[in-house]
Structures are given as C-alpha cells and as structure tokens.
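User: I should like to understand how the terms used for a structure are justified. Please explain each one as we proceed.

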Amino acid sequence: MPITSLIRSFANRHPQLKSVLRTLASPFRRSVSGQYRPLPPGEAEAVSTELANAWQAPSIPEAQRKGVDAALAAYRSGQEVRNFDVLVDLLRPILPQAGLATLLEVGCSSGYHGEAFAIKSLPVEYRGCDFSPAFIDLARRLHPDFAFLVADACALPEPDGSIDIVLSGCCILHVADYEKAIAEAARVARHHVVFHRTPVLHQSKTRRFTKMAYGVKTLEIHFNEEELIHLMRRHGLAVSAVVTLDASWQDGDAVATKTYLCEKVTQ
Ligand SMILES: C[S@@+](CC[C@H](N)C(=O)[O-])C[C@H]1O[C@@H](n2cnc3c(N)ncnc32)[C@H](O)[C@@H]1O
C-alpha cells in the first residue's frame, strides 16, 4: 500500500492527528493545486504565452498565505515542516561562521522562507523578489524587516555575482523560458544557487501541463532531470547535493520533487 494511503487510513482512525497533519501539509497540499492537463507540443507555445502572467493574479497571495501561516506557526512551535527543513539543512553547512550571507529568493511569494530561516537562526540577510506586485505588497506588509522587489526571474536587476546564495523558490517550473531563469540565477549568484521543490522526470522528455493553483489556471513544467542538470551546467552550476521530497509513478515514469544545491563553478 502506498505510504500516502497508509497515512490517510491511520489519520482517519485518529481525527485529532488528522487535523494536525492537515495543518502541517496545508501550504503544499495537492488540493491547492491540481487538475493537471498535459499540453500537446503544438499548443505549448501559445498556452505558455497565454499563462505567462497567471501567477500575478491578485487573488493568489491571500489564498496561499492561509496555509503558509499554519506551517509557520507549527515551525515556530518546534514542529518539523519538511519543505522548510530541507532548505535549512542544505543551507546551514554553506553559511559563514561569522557575519551574514546574502540570500535572494526568486519567486519568493509572501517571503515566508525569510521567517522560516529566522526561526532557525540561519545567518542570512534574506531578501526576496517576485514578478507579482500583489505577492510583493503582502510580503512587505507581513515582513517589513526584509527587502522585497518586483522582478521577473528572467531579468533580475542585480549585478553579476552580487548575491552569495540565490534561492530559486519553486519558480522555474512556472517559467516558459526556464533556461533564461536558470541563467539569471547563475549570473547573479556569487557562490551557490538552490532550486527548491523542482518536479523532475527520470526517463521522459520535459513535459508541460496546465494546472489549477489557488483557483487560477497556470503553467507547470516537469523537467527531464538530465536536461535540467545539463542546463545548470551550461550556465556554470554544478549540482553538489540533491534532496528528494516526494516521488511517485506516473504515466510510465518516476516523477519526483527535488531540491538541488548547486555550486557556481568557473567555466
Ligand atoms: C509555487 S510559488 C513558490 C513560493 C515559494 N518560493 C516556495 O518555494 O514555496 C511560485 C512563485 O513564483 C512566482 N513566479 C512565477 N513566475 C515568475 C517569474 N517569471 N518571475 C518571478 N516570479 C515568478 C509566483 O508569483 C509565485 O510566487
């Protein structure tokens, strides 16, 4: 029996536990995103253009934040939140013993990773950018101590090599020109780039889907992993650690969500 079915059946027999599990998983649950529809190759370009700005919908930030607040409250009280812990555990060994590393999150939404890092006292000077003005308004309201700006992942305003660590926060999967977004993250980073929560395929070619996220139709790309790693390498990034957050068998391939820590290398 798959692990998710086991958890579900156990939780159904323990209603109090069920509500705790719901809270912990809420910002990342499939119910906030779903209805995947594969995009036939002939439609990929037109639909990608049509959906390029979908994540800028003003309705998304408050809807996403409800789940995020629950996860942050759990994290503050010492509970594990896997999507936060993965980042904290990857970042801690590369952070300085003294002083702060600069970290820019691209696709930061409402900036909640800044708070997660503060909860764990990570020595980072966190800042975030997102191409959605509504997300950045909310981020500035909720986290006035962090710097935020509206910027597109494909055209970051920072100079070359100016940020110690660039965190691409579950973002390139929504960007039709994902090679440009990878190139920009690599250009701006001084030492490292992290690609968080990236869906990859192990045998199939890269696939494009439409999916509903918080009630809005969006584009989502599942990358052939070899292609993705090749693109990282082309832009001077070498993968130095990988964490698999989940994996399943879909349409004849092993589909996984992974977080990649990359080191900037001289080409
Ligand atoms: C799934 S959310 C990820 C939020 C958070 N970084 C995380 O890892 O949980 C994707 C975010 O990427 C942003 N985004 C999508 N396309 C973008 C682009 N071209 N440039 C900048 N941000 C973008 C969306 O507005 C959204 O806030």
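Analyst: A polar contact is a pair of N or O atoms within 3.5 Å; within protein, one must be able to donate a hydrogen and the other to accept it, and residues adjacent in sequence count only if both atoms are side-chain atoms. This is a predicted model, in which local features need pLDDT of at least 70, side-chain atom pairs count only at pLDDT 80 or more, and totals for chains, interfaces and linings use all residues. Residues are numbered from 1 along each chain as its sequence is written, and side-chain values use heavy atoms, with hydrogens and water left out.

User: What makes the pair formed by the ligand and the side chain of Asp130 a polar contact?

Analyst: An oxygen atom of the ligand lies 2.6 Å from an N or O atom in that side chain, and the limit is 3.5 Å, so the pair qualifies. A backbone N or O atom of Gly169 is 2.8 Å from a nitrogen atom of the ligand. For Phe131, a polar backbone atom is 3.4 Å from a ligand nitrogen.

User: Why are helix 8 and helix 9 called oblique to each other?

Analyst: Their axes (lines fitted to C-alpha atoms over the stretch in contact, with angles from 0 to 180 degrees between N-to-C directions) cross at roughly 45° and come within 9 Å. Angles under 35 degrees count as roughly parallel, over 145 as roughly antiparallel, 65 to 115 as roughly perpendicular and the rest as oblique. Helix 8 and helix 9 are therefore oblique. Both helices are DSSP runs (H or I, at least four residues).

Conventions
Helices (H or I, at least four residues) and strands (E, at least two) are DSSP runs, numbered from the N terminus.
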